[in-house]
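Trainee: Could you take me through one hairpin and what surrounds it? Please keep to that part and build it up piece by piece.

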Amino acid sequence: MRPPCVRDGAFADLAADASLARVRIALATCSAFPHGVEEEQPLARLLGAEFRVWDDPGVDWQAYERVVIRSTWDYMLRVEQFLAWARAVGPARLRNSPELVAWNADKRYLGELSCPTVPTVFVAPGDPLPQLAGDLVVKPNVSGGARDTGLFSPATHDLARELIERIRAGGRTALVQPYMAAVAERGEAALVFFAGELSHVLHKQAVLAPDEIAPTAGDGGPALAMLREDLVAAGGSSSAQRALARELLDEVGRRFGMPLYARVDLVEGPDGEPLLIELEVIEPRLYLHLAPGSAERLAAAVRAG
């Protein structure tokens, strides 16, 4: 599948550049998946890369010319340790860069972007509770896998307030967002980019059920809904979605340099126009197995820089 906005030959050019030199590459993972996840095995083979657990003290990260963050899915449980690790690996090796990773690890980045995003109220420890209205979503500023995230109607606003206080009690900031009703009907679109070029598009079904905090798969695990095999499928994108994603990546690129990989998650707003719900440039699932040729495209991008 080659999206229409990918220039003919763009990834071929990267592959040609990549053939000039071979570098030693590590794919950073977590202790739950020390040998990587199944969908990234083809990528590892293409790169001749080794999976390494990010918090393993026995790994010599300086032995690698390139360290690509992949399935480090426990980082948000120890975010300061993870960011210290990223800084230690350093900007010459780590992809994405430590500076970009630190910025993206805190969802308050949504308040800094100029592109259209889901309206968000940030409620830090000590802030007065905002007035709640309508159907809304509450989530932490540092989280992943829909942990500590809930969808609440007016009938369950008390539960929403309890979640806000739970988030703040741990020193985090709560994000309060209006629920975009189109998610239940049409889901989300996720546009996956490698080296600034659109590789493939995914369709993601709704994760949150009404009037509850998303149940998780054990202590520290992701929301159970995230584990559904049918949650994500190959999808398509509109010109408006591609334009928003391009605007976002250009803005991020001007500040941090173009990400090696990025997943841009979009939802439909009340007026039918796309809104950014999240930019994923740390450890997003890229669903390479759903897009033929995507592993080769990512491998070429990794080798090129």
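**A hairpin and its neighbours**

Mentor: Leu-191 faces Val-201 of strand 10 across a bridge. The model is predicted: local features need pLDDT of at least 70, side-chain atom pairs pLDDT 80 or more, while totals for chains, interfaces and linings use all residues. Numbering starts from 1 along each chain as its sequence is written, and side-chain values use heavy atoms, without hydrogens or water.

Start with the hairpin. Strands 9 and 10 run antiparallel, joined by 7 bridges (pairing takes at least two DSSP bridges; strands are DSSP E runs of at least two residues, helices H or I runs of at least four, numbered from the N terminus). Between these two strands lie 2 residues. Ala-195, in the turn, has a positive phi of about 50 degrees.

Now follow strand 10, residues 197-204. Strand 10 also pairs with strand 12 (residues 232-234), antiparallel, over 3 bridges. There, His-203 has Ala-233 as its bridge partner. Strand 10 is largely enclosed by the rest of the structure, because 7 of its 8 residues are buried (under 20% relative accessible area, 1.4 Å probe, protein chains only).

Go back to strand 9, residues 188-194. Strand 9 gives two or more residues to the lining of the second largest pocket, as do helix 6 (182-186) and strand 13 (261-268). A pocket is an open set of 1 Å grid points where a 1.4 Å probe fits, with protein on both sides within 12 Å along at least five of seven lines; lining residues have an atom within 4 Å of a point. Strand 13 supplies the largest share, 3 residues. The lining has 14 residues; Gly-187, Ala-189, Gln-241, Val-267 and Glu-268 lie nearest the pocket's centre.

Definitions and conventions
Buried < 20%, exposed > 50% of the residue type's maximum accessible area, 1.4 Å probe, protein only.
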